[in-house]
Amino acid sequence: MKILAIESATESASCALTQDGKVVAEFTLQNKQTHSQTLLPMIDAMCAMTGTKPDELDAVAVSRGPGSFTGLRIGAATGKGIALPFETKMASVPTLYGMAFAIGPAADRLIVPLIDARRQHVYAAGYSAGKDGALTEELAECVISAQDLAARLQEAGKPVLLTGDGVKVVLPALEAAGIDVRVCPPALSYARAAGVALAAEQMAREGKLISSDEMAPEYLRLSQAERKRREAGNPAGKEA
Amino acid sequence: MKDIRILAIESSCDETAAAVVVNGREALSNVINSQIAVHTLYGGVVPEIASRAHIQNINPVIRAALDEAHMTLEDIDAVAVTYGPGLVGSLLVGVAEAKALAWATGKPLIGVHHIEGHIAANYIASKDLKPPFAALVVSGGHTHLVMVQDYDRFEIIGRTRDDAAGEAFDKVARAVGLGYPGGPKIDKEAKNGNPHAIEFPIAHIDGAPYDFSFSGIKSAVLNYLNEAKMKGETVNRADLVASFQQAVVTTLVSHSMQLVCERHLDKLVIAGGVSANSALRKAMKEACDEQGVAFYCPPLILCTDNAAMIGSAAYYEYCKGHFAGWDLNAVPNLKLGERA
């Protein structure tokens, strides 16, 4: 199965083409240029170089969050636009799940991808790898403080492998809590589209592909206006 | 010559819209998903909430626009999108979607300036309208007096120094308890009031006779309310908003007519959300009739944000061969007449 994957949830802008588990191409930029300007030119170049036409794709996979709100929407809109003309199925891949796939199975360690969520919090999840390479969720994705994450990982009682730009936020607290921690080197530790594509293959096997209309980001956080409204005792807009 | 069919997308503020337009003049569909109900809870547009709604709505809206036009993407000659000015998060959804659609289908991409779109709404409404003409663009985010030299050439003659006209309507409506959106609510309430009950000041800016300022009028309304409260007097709300509206309309009409007379123009166009205001439409028409100037205003559905107007403006870009690259970005403060 041929998958075009898009990852723009964090600082990296990345696209990949995979065919049955093989990464045919992957383009990634990690600098300050906006994803809006770089993402589609990268997809265009990648598809031209590999002779790939959009109507040949079996699925368009998008890293659906959590992450930068704007980055998520650029990725989602790009994926939806590519999928719409041919009614191509989409995979709405949890960003942290894709990051776990990008570093592969880690023997006996809980893989904990982390994204800096600002305000002393991270987006976090925990996955363990089976012998077949499939990942099982052990810690559901959440927004969490360093202290709370340390407590949760202590409870899990497993050595952990950390990846992602949120590591710096939690590392001191995890070490102070005496957790057996290993950290992925920076060259492996960023969100990239190959991981999104491999996660999408797994989701396809599990029958979790959706239509382009259904694809939407998962922010894990309300907008500031909704949060304030809720704190003031009013229900969030959509529930009113 | 073959008909040129453009699929246009607009998401610069709080409406997710798509339309199919033929040769810049005929809208085969004009689908608008408005978020007013959500933003009313917050008394105005919340950018993050607007962006989240756009990404949810955009594919169904595009699909509906194609279905209503009885077309598929294969029938389309180009994809157009508003890339500025507007809310950056909102713009980015439309821009990313339009680029990807155009890329996937191998169609050319056209980036459209939102204000040029508002002006072009009149090309759909009035098939005989051709530049040159004067245009007053008034909305919640914009107040521009523009000389339209050609379909793609614009000269800004005057602009607001502070609040946009529609913004002043929203702020006054909030102050008198009419709520959001202020424009249509004031328009309705003013019908029951005396527009000459209270004299509000009209700002003149030294050395810039065509520029506007609405913060002074807005402050005068707020002061009036405060004084009445301190004296324990009840305010006749209908008179108050009718007088406020009269002051704004008078400024808009006098500046526009000054331009028309000075440049000996025979056509005046209004556009944008505030051009739906009934008092403005009436006063401008009367002033134009008096001077023997042809007056153009779009039907209400083409006044507020929509994608048909973007498809019309895009047609003239198509004819001139102005196409955008895959690196097209949203430009929240895009200047009128600028090209990406």
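Among contacts in chain B between residues at least 6 apart in sequence, what share join residues at least 24 apart? The share is 75%. This is a predicted model, and chain B is a good place to start.

Chain B holds 11 helices and 10 strands. Its radius of gyration is 20 Å, close to the 20 Å that the globule rule gives for 340 residues, so chain B is as compact as a globular protein of that length. Along its principal axes, the C-alpha trace spans about 65 × 45 × 35 Å. Of the 340 residues in chain B, 55% are buried.

Now turn to where chain B meets chain A. Chain B gives 32 residues to this contact, and chain A gives 29. On the chain B side, helix H2 (47-68) and helix H3 (88-105) each supply at least two residues. The largest share comes from H3(B), with 13 residues. By type, the chain B side divides into 21 nonpolar, six polar and five charged residues.

Next comes chain A. The domain assignment splits chain A into two domains. Domain 1 takes in residues 2-95 and 191-227, while domain 2 covers 99-188. The C-alpha centres of these two domains of chain A lie 23 Å apart. Their contact takes 15 residues from domain 1 of chain A and nine from domain 2 of chain A. Which helix provides the largest share of the domain 1 side? Helix H6 (residues 193-205) of chain A does, with five residues. The domain 1 side as a whole divides into seven nonpolar, five polar and three charged residues.

H6(A) deserves a closer look. This helix has 13 residues. From first C-alpha to last, H6(A) reaches 19 Å, close to the 18 Å expected at 1.5 Å a residue. Its buried residues are Ala193(A), Ala194(A), Gly195(A), Val196(A), Ala197(A), Leu198(A), Ala199(A), Ala200(A) and Glu201(A).

What do the buried residues of H6(A) pack against? Their partners in chain A include five strands: S1 (2-7), S2 (13-19), S3 (22-29), S4 (59-63) and S5 (89-93). Helix H3 (95-103) of chain A is a partner too. H6(A) is followed by Gly207(A), which has a positive phi, near 70°.

Put the pieces side by side. In chain B, H3(B) supplies the largest share of the side that touches chain A. In chain A, H6(A) supplies the largest share of the domain 1 side that touches domain 2.

Conventions. Residues are numbered from 1 along each chain as its sequence is written. Chains are lettered from A and ligands numbered from 1 in the order in which they are written. This is a predicted model: local features need pLDDT of at least 70, side-chain atom pairs count only at pLDDT 80 or more; totals for chains, interfaces and linings use all residues. Domain bounds come from an automatic or database domain assignment. Two residues are in contact if their C-beta atoms, placed from the backbone, lie within 7 Å. Helices (H or I, at least four residues) and strands (E, at least two) are DSSP runs, numbered from the N terminus. Ala, Val, Leu, Ile, Met, Phe, Trp, Tyr, Cys and Pro count as nonpolar, Asp, Glu, Lys and Arg as charged, and the others, Gly among them, as polar. The expected span of a helix is 1.5 Å times one less than its number of residues. A residue is buried if 20 or more other C-beta atoms lie within 10 Å of its own, exposed if 12 or fewer, and partly exposed in between; C-beta atoms are placed from the backbone. The radius of gyration is taken over C-alpha atoms; the globule rule is 2.2 Å times the number of residues to the power 0.38.
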